[in-house]
Amino acid sequence: MTSVTTNTSVVHKPLFPGLAAGFMRLYRAMVNSSQGARGLAHARKLDALTDEQLAAKGLRRDQIVRHSFQHLMHL
């Protein structure tokens, strides 16, 4: 009777190497195009203005967040 023993190492590779990266790109694109991201960009733009420029728009510095996100807060 003969006995054969083999030792092999199995290397697990992802089935689709770029699949996770593709889903991550899709997720980031969805987040960046969301209303929240647009509101944040608007708030940052207003925050970069001087107090005089804000006053010309009828805003005070403490109103920037409310103004930028009013479409989400239904105010």
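Let us start at S68, which lies in helix α4; helices here are DSSP runs of H or I with at least four residues, strands are DSSP runs of E with at least two, and both are numbered from the N terminus. This is a predicted model, in which local features need pLDDT of at least 70 and side-chain atom pairs count only at pLDDT 80 or more, while totals for chains, interfaces and linings use all residues. Residues are numbered from 1 along each chain as its sequence is written, and side-chain values use heavy atoms, with hydrogens and water left out.

Is S68 buried or exposed? At 4% relative accessibility, S68 counts as buried, where buried means under 20% relative accessible area, exposed means over 50%, and partly exposed is in between (1.4 Å probe, protein chains only). Setting aside neighbours within four places in sequence, S68 is in contact with G39, H42, A43 and L46; a contact here means heavy atoms within 4.5 Å. With H42 there is also a polar contact, side chain to side chain, at 3.1 Å. That term stands for a pair of N or O atoms within 3.5 Å; within protein, one must be able to donate a hydrogen and the other to accept it, and residues adjacent in sequence count only if both atoms are side-chain atoms. Another useful marker is A41, placed in helix α2. The C-alpha atoms of A41 and S68 are 8.6 Å apart in space, although the two residues are 27 apart in sequence. A41 itself counts as partly exposed, at 45% relative accessibility.

Now step back to the whole chain. It has 5 helices and 0 strands, giving the pattern α-α-α-α-α along the sequence. Of its 75 residues, 11% are buried. Among contacts between residues at least 6 apart in sequence, 35% join residues at least 24 apart.

Helix α2 deserves a closer look. It covers residues 35–47, and its 13 residues should span 18 Å at 1.5 Å a residue, which agrees with the 18 Å between its end C-alpha atoms; the expected span is 1.5 Å times one less than the number of residues. Which residues of α2 are buried? They are G39, A43 and L46. Seen down the axis of α2, these buried residues fall within an arc of 65 degrees, so they line one face of the helix; the arc is that of the directions from the helix axis to the C-beta atoms. As background, an α-helix has 3.6 residues a turn, so residues three or four places apart point the same way. The buried residues of α2 pack against α3 (51–56), α4 (64–68) and α5 (70–73). On the other side of α2, R38, R44 and K45 are exposed.

Two of the buried α2 residues return in the largest nonpolar core, whose 6 residues are A43, L46, L54, L59, I64 and F69. Such a core is a set of buried Ala, Val, Leu, Ile, Met, Phe, Trp, Tyr and Cys residues joined through side-chain atoms within 4.5 Å. F69 touches G36, G39, L40 and A43, not counting residues up to four places away in sequence. L59 comes from the loop between α3 and α4 and is buried, with a relative accessible area of 11%. Beyond four places in sequence, L59 is in contact with L46, L54 and H67. The C-alpha atoms of L59 and L46 are separated by 9.3 Å, with the two residues 13 apart along the chain.

Finally, turn to the charged side chains. How many salt bridges does a search of the whole structure find? It finds 3, each being a side-chain nitrogen of Lys or Arg within 4 Å of a carboxyl oxygen of Asp or Glu. One of them joins the side chains of D47 and R61 (3.1 Å, N to O). D47 lies in helix α2 and R61 in the loop between α3 and α4, so this pair ties together parts 14 residues apart in sequence. R61 also meets D51 in a salt bridge (2.9 Å, N to O). Because D51 lies in helix α3 and R61 in the loop between α3 and α4, that pair ties together parts 10 residues apart in sequence. D47, D51 and R61 are thus linked in a network of salt bridges. D47 is partly exposed at 47% relative accessibility, R61 is partly exposed at 34%, and D51 is partly exposed with a relative accessible area of 48%. There is also a salt bridge between the side chains of R60 and D62 (3.2 Å, N to O), and D62 counts as exposed at 60% relative accessibility.
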